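Me: I'm new to this one and would like to understand the reasoning behind its labels. Could you show me the structure and take my questions one at a time?

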Amino acid sequence: SQEKYSVEYNLDSRLQKEADGLFKRYKPDYGAVVLMEATTGKILALSSFQKDDQKAPNLALRASYPAASLFKIITASAAVEKAGVSPYHTIYFNGGNYTLYKKNVMSDKVTKWTRKITLKEAFARSINTAFGRLSLEKLEPTDLLEFANRFMFNQEIPADFEVEKGNAIVPLEKGFELTEVASGYNKNNTISPIQGAMIAGAVVNDGKMQIPYLVDNIKNQQGEVVYKGEPLDKGFIMTVESANQMRQMMEQTVLGGTSRKSFRQLVKDKRFKEIEMGGKTGHL
């Protein structure tokens with residue numbers, strides 16, 4: 001005979017409705033929203049949208065997206081923790097803000113055209129050449145790979161639902177390819193929205209990364225709990241101090257960087273002045 005079980009999820013119905021509603025309203029070509037409680041890993045909302053196919057598989061679980069500039073979180077974390085670089089460290093760079101040309105990034109010549117920028121500002125404004133220079137001057141390729149793995153690239157995420165694993169290929173020696181990886185200026189390194197939430201969550205949670213989970217409990221026909229979902233942490237992937245410095249950089253992204261316009265109303269709103277906000281944009 002078959003037994004029936006009831007499953008209760010961690011999803012917050014109000015947040016889920018809000019996420020679904022955003023997609024219905026704006027109708028992007030593709031979109032995914034993951035809302036995760038940083039301290040526990042509870043998935044509070046999981047929404048996916050594909051304009052040309054309403055029944056497409058959930059995009060939030062796929063790792064087919066270029067990590068792009070989100071990888072700057074990995075590079076900055078490695079620089080802060082392995083090389084002792086502060087958010088106020090000055091980087092000298094040549095070339096434009098959002099390009100990455102070999103002749104510029106591989107040159108350490110200081111000319112009248114050379115600009116300087118702090119790591120915090122380079123992160124907030126997502127300056128590729130500055131991150132390329134940082135990787136050549138302050139990091140070893142093994143540092144980048146180590147931190148990519150700490151942030152759960154190249155490994156299965158042991159969630160209670162199936163999520164594709166993100167990939168991070170890091171070259172073995174210093175050179176132009178390393179600068180591409182460090183600044184996120186390539187299409188080879190991929191990430192899922194779920195992993196994106198985990199990365200942000202680890203920064204918020206003082207450096208401790210939580211594994212996401214969707215199921216709160218499962219009950220049998222008699223109403224007895226036969227399974228209870230519980231937080232699973234990966235431990236500290238960076239020190240509390242490093243996480244604090246990363247939060248400063250992510251906050252600057254919202255206050256004066258690439259997310260400034262999106263967050264302007266929220267930052268101005270007195271009701272939210274007690275809430276610390278931060279982010280990182282990525283696009284190719």
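**How the labels are earned**

Reply: Happy to! One contact to start with: a polar atom of the N189 side chain lies 2.7 Å from the backbone nitrogen of I169. Keep in mind that this is a predicted model.

Me: What makes N189 count as buried?

Reply: Its relative accessibility is 2%, and buried means under 20%, so N189 counts as buried.

Me: Where is N189, and which residues is N189 in contact with, leaving aside neighbours within four places in sequence?

Reply: N189 is in the loop between helix 7 (176–183) and strand 7 (190–191). Beyond those neighbours, N189 is in contact with Y65, P66, A67, F71, N167, A168, I169 and V181.

Me: How do you know that the span of helix 1 agrees with what is expected?

Reply: Helix 1 has 14 residues (13–26), and at 1.5 Å a residue they should span 20 Å. The C-alpha atoms at its ends are 20 Å apart, so the two agree.

Me: Which residues of helix 1 are buried, and why are they said to be on the same side?

Reply: They are Q16, A19 and F23. These residues cover an arc of only 65° around the axis, which puts them on the same side of helix 1. They pack against strand 2 (30–36) and strand 3 (43–50).

Me: What does the face turned away from that buried side carry?

Reply: That face of helix 1 carries exposed residues: S13, R14, K17, K24, R25 and Y26.

Me: What is found at the start of helix 1, and what follows helix 1?

Reply: At the start, a side-chain oxygen of D12 reaches to within 2.9 Å of the backbone nitrogen of R14. Helix 1 is followed by K27, whose phi is positive, near 45°.

How values were computed
Residues are numbered from 1 along each chain as its sequence is written. This is a predicted model: local features need pLDDT of at least 70, side-chain atom pairs count only at pLDDT 80 or more; totals for chains, interfaces and linings use all residues. Side-chain values use heavy atoms; hydrogens and water are left out. Helices (H or I, at least four residues) and strands (E, at least two) are DSSP runs, numbered from the N terminus. The expected span of a helix is 1.5 Å times one less than its number of residues. Buried means under 20% relative accessible area, exposed over 50%, partly exposed in between (1.4 Å probe, protein chains only). The arc is that of the directions from the helix axis to the C-beta atoms. Contact means heavy atoms within 4.5 Å. A polar contact is a pair of N or O atoms within 3.5 Å; within protein, one must be able to donate a hydrogen and the other to accept it, and residues adjacent in sequence count only if both atoms are side-chain atoms.
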